[in-house]
Amino acid sequence: MKGTNLMENSQTLSSENKLYTLQLASKLESITELEKFIDNLKDELSIPEEIYANILTCMNEAVINSILHGNKENPGKKVYINVESEHGKKLIFSIKDEGDGFDYTSIPDPTLAENIELFSGRGIYIIQHLADQVVFNKSGNEIELTFRY
């Protein structure tokens, strides 16, 4: 996406709402493309630095989870990202993979003593603490993150 104008990947929903889309290959190198996409969003929508940092962290976590756990790094599968900008006050990110999903209600608490030193298992916890709202679909292969600014 180097030098890509977000307008190429957007559509106007109303006078104040826009939808942006991005499809990523299921490889960790796609994170670079995601970060450029979010940088362009920040510039176009004048997202404050603190909110931008939260968005970047959450989106990295969600997309890495989709690539590794959802699509299992299968190059034939994609991660689909939609971003709706509402009235310049709220962003809603939808991240969906082509995997079978997971039971998001049984995620171990990473702050418990038996989990504190584990290498992984903090992504959803981080997302739930940085986003204003987090919603999973029933099958667990799509997450919706809301950020207000």
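In the predicted model, an open sheet is formed by 6 strands arranged in the order β1-β2-β3-β4-β6-β5, and the pairing is antiparallel. The edges of the sheet are occupied by β1 (10-12) and β5; each has a single partner strand, so one side of each is left without a neighbour in the sheet. From one strand to the next, the twist averages 15°.

At the β1 edge, β1 pairs with strand β2 (residues 17-25) in the antiparallel sense over 3 bridges. Within this pairing, Ser10 stands opposite Tyr20 in β2. Helix α2 (residues 49-70) packs on the sheet and touches β2, β3 (78-86), β4 (90-97) and β6. The direction of α2 makes about 10° with that of β4. Helix α3 (residues 123-130) also packs on the sheet, where β5 and β6 are touched; the direction of this helix makes about 135° with that of β5. Strand β6 is thus touched by α2 and by α3.

At the β5 edge, strand β5 (residues 133-136) is paired with strand β6 (residues 142-148), in the antiparallel sense and over 4 bridges. Gln133 of this pair stands opposite Thr146 in β6. The two strands form a hairpin with 5 residues between them, and in this hairpin Gly140 takes a positive phi near 85°.

Conventions:
Residues are numbered from 1 along each chain as its sequence is written. This is a predicted model: local features need pLDDT of at least 70, side-chain atom pairs count only at pLDDT 80 or more; totals for chains, interfaces and linings use all residues. Side-chain values use heavy atoms; hydrogens and water are left out. Two strands pair if DSSP finds at least two bridges between them. Axes are lines fitted to C-alpha atoms, for helices over the stretch in contact, and angles run from 0 to 180 degrees between N-to-C directions. Contact means heavy atoms within 4.5 Å.
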